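User: I am new to reading structures, and I would like a close look at one part of this one, the salt bridges. Could you walk me through them slowly and then show me what surrounds them?

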Amino acid sequence: MSQFALFCRHVAFLAQKEMRSLVKDPRMRVQLVVPVLIMGFLFGYAANYNIEDIPYVAIDASHTAASTDFLAHVEGAPAFHCVAAPGNIDAAKDLLDTGEALAILTVPETFERQLAAGETAPVQVIADGRNPALAGMIERYIARIAADWSAAQSGRTPAITLETRTWYNPNQLSRWTFLPSFLAMIAFVQVMMLAGMSIAREREQGTFDQLLVTPLSKTAILIGKAIPPVAVGLFQAMCVFLIARFWFGVPFAGNFATLMLTLFLFMVSTTGVGLSISSISRNMQQVLVYLLVLMIPMVLLSGLVTPVRNMPAALQVATYADPLRFAIDAVRRIYLEGATLGEIAPDFLPMLGVAAVTMPLSGWLFRRRS
Amino acid sequence: MGGFSRRLAALTKKETKELLRDNSSLLMGVVLPLVLILIIGCGMSLDVKDVPTAVVLEDHAPTARDAVSFVRGSDYFAPVYVNSFQEAEAMLRAHEVDAILAVPPDFSRRLLAGDAHLQLILNGVESTSAMSAQGYVEAGVRAFAAEFAARRGASAGGVSIVSRIWFNDANTSTWFYVPGILMLVLTISGVFLTAVVMAREWERGTFESLFVTPMRVLELILAKTIPYFVIALLGMLLCLVVGRYLYELPMRAPLAAILGVSMLYLVTALSIGLVISALTKSQYLACHISLMVSFLPAVILSGFLFDLHAEPLAIRVVSRLLPTTYYLDALKSLLLAGGSPIVVAQDTAALMAFTLLFLALAFAMTRKKVDA
Amino acid sequence: MADVIAARSLTKVFPGKKGQPDTCALSGVTLAARAGEMTALIGPDGAGKTTFMRLVCGLMDRTAGELSVCGLDVFRTPQDVQDLLSYMPQKFGLYEDLTVAENLTLYADLHGVPAAVREERFTRLLHMTGLAAFTGRLAGNLSGGMKQKLGLACTLVRSPRLLLLDEPTVGVDPLSRRELWEILTQLVREEHLSVLVSTAYMEEAARCDRVYVLHCGQLLMGGTPEALRTAAAGLCYEVQAPPHLPLRLLQSALLTAPGVLDAVPAGGVVRFLTRRAPEELAPLRALGLQARPAEPRLEDGFMKLLKEAEAEGAAPPAEVETAAQGAAETLPLPPPASAAPALIEVEDLVKKFGAFTAVAHTSFSVHRGEVFGLLGPNGAGKTTTFRMLCGLLPATSGKLRVAGVDLRTARTQARANIGYVAQKFSLYANLTVYENLRFFGGAYGLYGRQLRERIAAVAEEFHLTDRMDEAAERLPGGYKQRLSMAAALIHAPGILFLDEPTSGIDPLARRTFWQEITRLAAGGTTIVITTHFMEEAEYCDRFMIQDHGKMLVLGSPAEIRARLGREGAPMDEVFIAIVEQARREKEGT
């Protein structure tokens, strides 16, 4: 029992020292808070795959009442605004090229005639393919507008009405998807960095030997070193949570304790990865390189931006070693769906697995290296 | 002048040796770019594919089956046929499917009357997938409606959309991300490594002995940046080669122009690194600051992940404060579109201005003094 | 014309961080160094020596005053001055990922040393520093002293008009130090070099043409070494200690006796400095000892000057009076240490790094309450032996017992019995004194009231009470060293390992340090220490000398002297004789 109390005290003293050392430099204190807030806000606004305010060019070769009406209908849609109406395609091309417009809408000369004849009048949409996802969305959006207009023109309701309901995110706002992911992501970046630097920094400054001659056990050192990064990570995740919930008003459907537990588990696994890197690095420059070499692929494979489902099978297998993937999934589901602990439990397994491997690994590595 | 080139050569040699002794530089220069470009090529696609969709056919008429037949054999959907709506809902809740397409019992009857309904329920947690899925279902339903009308001899009339996509012939997402990856490789090597190696010398006190030699600040800065310039450029070229041969990246503009703009951006990145290190003089802080002020914004705000055209005005304004934005814009034009000289010229001018600004700052802040 | 450095009323003030007062590093210093001469700058920590050097190099801006170097105004044309001089900072920044040869080449290239001259110069420098065999080794893999020597070699790749050396021999062994000074004097003679050197070794200052004593930013005195030496004329005495009484006890008692300005063990006797008649001194009376007058040395003059400056008032707390409360008026005769049980046992210890043998078949034991010294030239394997004892490094073979266990494999709790002070300052630089003490206290299992009491006690003991809220990195060198000691002793360990604790520490602070050691040893603490100040071997009960990983000699100072037949010889000479003899034998076979 007293052994255990001693152990706890060891951990507490070390964690306290780490924390003090972390926040000693006022520049570091600023660094831990301000960028997170700025990023949180910027990300909230920038993380946008919804179509808003798309600039386009309209070429009306028909110059008829019908074509004017059609184009007015497009212009009336909130997602689009016309930046120019040149007479020919060459001028329009330049606008697309320079990025001033993202699409060219060409109404053919025969437009009114074909409509009157009950034929189908083809309207050409040329989208800027440099962002294929956006191009696809523009195309589908215009098709929807065209269908609405046609129906209104013919005075008939469409033969089939598609009633769409979207659960958990009724307006399909990408912000709702990204902000909860960002909760996990910002903590991930920060925790990796803090944990990654912790041992390497002591080694470089010569304090690590001094630490090793104290009665602190390997386990106590690891846990003591893991606590501050986890705490900072949770704090930053909370900052983003508050921004998401109260500034952007993304409704929180889940249980707060579940969210915290998930983030905590995630951060433990991340800290393990960070400490392992720290243990094998000779200096902080190496830490940085290893971190980036691991972190960027981890972010890309996490499903933050592109769905994991679209990845080839081999890469999907690789994502099991990426705790960020499961953290993002779990946090999104807790936040938006209100998923319970039981429902997201499968996400915990890979995270715990990573933690179970990396924590002992880092302990083994740092002993061997010293 | 003899002294200048001799000292520069000596310092550069020293820097290069230090760089090469550390295996991690190889990781940075070669492995990371390759890993990134391969992940991008294989794994990053914003387009949805194989959305698991529960199809509920409560109407057993052949027309009803026809109406939703577009989901079968489509790349976009992976249909699962279920018997009841409740079952489908349970599957959606359990994340076994991401969408439900339901055909109500009276569908075929009401179709004849011209006011049939179909139900689509989506999981909006991944909003992008939901949006795309909805678009594909709509298109499928419209196509069926038109075909159904044509079958009955009645022309649907109305407007049809004929779409073409420019600047991206194969329409692969890969091309969209390649310029971003090039940008990342340059940013990381440029900002991070430079910031850290400079800060390391401040921290270890190696500058004190170096300063009291005939060495000039210009020589020091050049020597510090040359090896990282080469490493970064190497990584970028590697990405370009892979992009060209594996993904048939168009590269519409001459290679010289692409390299020219990239080198200019690289100089900007290097000078940002120099400014950060001079400001912090600590590796630890330099790492954190580089990450927060250069890496995250480069990813989020530059137009790499999120298209700036679709952004609110405020974000567009903020993004214009980052050199990355201009570089990415120019690079996209040069690689994918024909490289309108005006766009590229504007971007280049902006990059020049940034470079001059940060270089001036770096020189002003790196003085041969050790005052705390 | 002949003044290579001319400073007039030079003042440098560092603005204090918010809430703290400004620190005046130099105030109104006027001094001149003549061309073709060697000028020494001596003074305790925080005297302003390094600041002065940096100002001369143009690395800092002045607050007031004038400074010209080789006739040039440093503040107006720093680069021109820098082209003329070479400077070796206290902490020479070697590039650890470059080899010895590459470091040298870098500096030679920067200074534009012609290829023809280079060959010969490198050979000489490498020979002088004993690095010839290690040219291909990475600088990061050199021992502390070897790094220092490499730094010096890098500074000497060319012959500048003016050479500035800021404590160039910290951590360098006596052999290399002697060689180094030979080189320096040769350079001055042959190439008409001017040298400004700051040093903590008084015998080095004695070799200079001119000495300036700085104290708290003020110039106390400037003149020839002879003038400084004779300042103590008529005050110096020496006394033979009775058999079985460790010199350090007698020295410590003398140091605390009223009227004694300084006392130090040397050459098997205790030298002391007093204005009174020696017969009046209590410790001598009590033991019935007879002192005889001695020739003053430079160190005596320096100590006298400092003591007087401090006595005048504006001085730091009088440390010497309080620090040795443990040394009693009457001297208890401790039992001979060898009678106590062996606490550290080393048998046939071997450590190999690849093909390189760092420690070869070494055996020794240390008894409870003993002060045991580990001496040897740079790279002899002292630090390696140390690290193995502390469990930081596994031994290749051999037996190792510290308080009955091998710390490498024993339960972590066994480490609670040792304290460790590393060669380089290695506490948390950005934490305050209090936070450092608190953390190490906690790490050693102290908490609550007990922890608070221990912190207060060690802070008191090491005079850190006023500086509890200062960041460790901002402390002057001597305070850092005291903090390291305080942190290592917070848990009152039975065994204390000290790896070059006095390197770069001025004579005054070293006295205080050794009084503390004396007190600890008297209280039963076992102390294992390495040092490059050979006269400090006099404080040890026994010491051993290692070279190339081998143990050359082991015994008490008197025994070792007797073995060499050089009674009364300074320990430096004894050391050099032993090492050179061993090296000759090795070459002979």
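Analyst: Let's start with a single residue: Lys304(C) is buried, because its relative accessible area is 11% and the cut-off for buried is under 20%. Please keep in mind that this is a predicted model. The side chain of Lys304(C) forms a salt bridge with that of Glu308(C), at 3.5 Å from N to O. What about the exposure of Glu308(C)? With a relative accessibility of 27%, Glu308(C) counts as partly exposed. Both residues of this pair belong to helix 11 of chain C, where they sit four residues apart, about one turn of the helix.

Helix 11 of chain C has another salt bridge to show you. Asp300(C) pairs with Arg271(C), with 2.6 Å from N to O. This pair links distant parts of the chain, since Asp300(C) is in helix 11 (residues 298-311) of chain C and Arg271(C) is in strand 13 (residues 269-274) of chain C, 29 residues apart. Are these two residues buried or exposed? Asp300(C) and Arg271(C) are both buried.

A general idea helps here: side chains of opposite charge can pair when their charged atoms come close. Counted over all chains, the structure holds 62 salt bridges.

Now move to chain B, where Lys224(B) and Glu15(B) form a salt bridge of 3.0 Å, N to O. Lys224(B) lies in helix 9 (residues 217-247) of chain B and Glu15(B) in helix 1 (residues 2-21) of chain B, so this salt bridge ties together parts that are 209 residues apart in sequence. Lys224(B) counts as buried, at 1% relative accessibility, and Glu15(B) is buried as well, with a relative accessible area of 3%. How does this compare with where we began? Lys304(C) is buried and has a relative accessible area of 11%. The chain B pair also has company: salt bridges that share partners join Lys14(B), Glu15(B), Glu18(B), Glu201(B) and Lys224(B) into one network.

Salt bridges can be found between chains too. How many are there between chain A and chain C? The count is four. In one of them, the side chain of Arg20(A) meets that of Glu435(C) at 3.3 Å, N to O. Across this interface, 14 residue pairs are in polar contact. On the side of chain A that touches chain C, helix 1 (2-23), helix 7 (174-205) and helix 8 (207-212) of chain A each supply at least two residues. Helix 1 of chain A gives the most, with 10 residues. By class, the residues on that side of chain A are eight nonpolar, 11 polar and 10 charged.

To see the whole interface, note that 29 residues of chain A are in contact with 33 residues of chain C. The area buried between the two chains is about 2,900 Å², and carbon and sulfur atoms give 54% of it. Phe13(A), Gln210(A) and Val213(A) supply 24% of the area that chain A buries against chain C, more than any other three residues.

Finally, here is a helix pair in chain C. Helix 4 (residues 115-129) and helix 6 (residues 174-191) of chain C pack at an angle of about 145 degrees, with their axes 9 Å apart. Among the residues that meet there are Arg121(C) and Arg124(C) from helix 4 of chain C, and Glu179(C) and Glu191(C) from helix 6 of chain C. By class, this contact has four nonpolar, two polar and four charged residues.

Note on methods:
Residues are numbered from 1 along each chain as its sequence is written. Chains are lettered from A and ligands numbered from 1 in the order in which they are written. This is a predicted model: local features need pLDDT of at least 70, side-chain atom pairs count only at pLDDT 80 or more; totals for chains, interfaces and linings use all residues. Side-chain values use heavy atoms; hydrogens and water are left out. Contact means heavy atoms within 4.5 Å. Buried area is the accessible area (1.4 Å probe) that two parts lose on being put together, summed over both. A polar contact is a pair of N or O atoms within 3.5 Å; within protein, one must be able to donate a hydrogen and the other to accept it, and residues adjacent in sequence count only if both atoms are side-chain atoms. Ala, Val, Leu, Ile, Met, Phe, Trp, Tyr, Cys and Pro count as nonpolar, Asp, Glu, Lys and Arg as charged, and the others, Gly among them, as polar. Buried means under 20% relative accessible area, exposed over 50%, partly exposed in between (1.4 Å probe, protein chains only). Axes are lines fitted to C-alpha atoms, for helices over the stretch in contact, and angles run from 0 to 180 degrees between N-to-C directions.
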